[in-house]
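Here are some notes for your first reading of this structure. Please keep the sequence and the 3D view open while you go through them.

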Amino acid sequence: MERTFLAIKPDGVQRGLVGTIIQRLEHKGYSLVGLKLMRVTRELAETHYGEHKDKPFFPGLVNFITSGPVVAMVWEGRGVVAACRKLIGATNPLNSEPGTLRGDFGIDVGRNIIHGSDGPETAEREIALWFQTQELVVWEPRLTPWIYEM
Ligand code: DAT
Ligand code: MG
């Protein structure tokens, strides 16, 4: 089964959106396999956002992601990487469609609520960066036959 890495950013936690976000993903039919509330170190933030290190917004991005608690999650299911990107919406919440998490709950690109891996290889790298193997729980969701035809 495919897995993706999602992180509810400090604005999402401060604004009380943790339950809403988890509920949306559960209702979609995906399964949670890893979950932790954590403070992000500068080292982790800089590694996670390494592809953006030369961008003008990089220092602000690192300051923001380390400014408060983050909910780090791994979700599993068919097509979960692309589906979560759709569910999250465009990077700038003003361009995100209504019905997406950023479209419904955000305004500013620097306060866009949630991170999601942008592809399967990125997901593998980010899961390994944020979680130890023993923190991921392998379990058999009983609803599988009600969510997947086969
Ligand atoms: P995404 O989070 O949709 O994958 P990204 O990887 O391009 O977007 O950028 C990572 C984060 O950096 C993004 O969620 C918010 C911030 N960011 C991106 N572009 C920005 C900009 N032009 N100004 C301020 N922050 C920006
Ligand atoms: Mg990205």
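The numbered points below go from the annotated domain to the active site, the ligand and the aromatic rings.

1. The model is predicted. UniProt, in an unreviewed entry, places the feature "domain: Nucleoside diphosphate kinase-like" at residues 1-138. Of this span, 41% is helix and 17% is strand. The C-alpha atoms at its two ends lie 11 Å apart.

2. Which residue does UniProt list for "active site"? The record, again an unreviewed entry, gives His 115. In the model, His 115 is part of strand β4, which covers residues 114-116.

3. Is His 115 buried or exposed? Its relative accessibility is 11%. The cut-off for buried is under 20%, so His 115 counts as buried.

4. Look next at what surrounds His 115. Leaving out residues up to four places away in sequence, His 115 touches Phe 5, Leu 6, Ala 7, Lys 9, His 48, Tyr 49, Ile 88, Arg 102 and Glu 126. With Glu 126 there is also a polar contact, from side chain to side chain, at 2.9 Å.

5. Ligand 1 is the next item. The residues around ligand 1 are Lys 9, Tyr 49, His 52, Phe 57, Leu 61, Arg 85, Thr 91, Arg 102, Val 109 and Asn 112. Lys 9, Tyr 49 and Arg 102 from this group also appear among the residues that His 115 touches.

6. Three side chains can be checked against oxygen atoms of ligand 1. A polar side-chain atom of Lys 9 is 3.0 Å from an oxygen atom of the ligand. For a polar side-chain atom of His 52, the distance to a ligand oxygen is 2.8 Å. An N or O atom in the side chain of Arg 85 lies 2.9 Å from an oxygen of ligand 1. On its own, ligand 1 has 520 Å² of accessible area, and the protein covers 74% of that.

7. How many aromatic pairs does the structure hold? There are two. Phe 5 and Trp 130 form a tilted pair, with 4.8 Å between the centres and 35° between the planes. Phe 5 belongs to strand β1 (residues 3-8) and Trp 130 to helix α7 (residues 120-130), so this pair ties together parts that are 125 residues apart in sequence.

8. Phe 5 is buried, at a relative accessible area of 0%, and Trp 130 is buried too, at 5%. Phe 5 also pairs with Phe 131 in an edge-to-face arrangement, 6.4 Å from centre to centre and with 70° between the planes. Phe 131 sits in the loop between α7 and α8 (144-147), whereas Phe 5 lies in strand β1, so the pair ties together parts 126 residues apart in sequence.

9. Phe 131 has 6% relative accessibility and counts as buried. Taken together, Phe 5, Trp 130 and Phe 131 make up one aromatic cluster. Phe 5 links this point back to the active site, since His 115 touches Phe 5.

Definitions and conventions:
Residues numbered from 1 in each chain as written. Chains lettered and ligands numbered in written order. Predicted model: local features only at pLDDT ≥ 70, side-chain atom pairs only at ≥ 80, totals over all residues. Heavy atoms only, no water. UniProt positions renumbered as here; feature names shortened; annotations may be inferred. Helix = DSSP H or I, 4+ residues; strand = E, 2+ residues; numbered from the N terminus. Buried < 20%, exposed > 50% of the residue type's maximum accessible area, 1.4 Å probe, protein only. Contact = heavy atoms within 4.5 Å. Polar contact = N/O pair within 3.5 Å; in protein donor to acceptor, adjacent residues only side chain to side chain. Near = heavy atom within 4 Å. Areas by Shrake-Rupley, 256 points an atom, 1.4 Å probe, with all protein chains shown as cover. Phe/Tyr/Trp six-rings, centres within 6.5 Å; stacked < 30°, edge-to-face > 60°.
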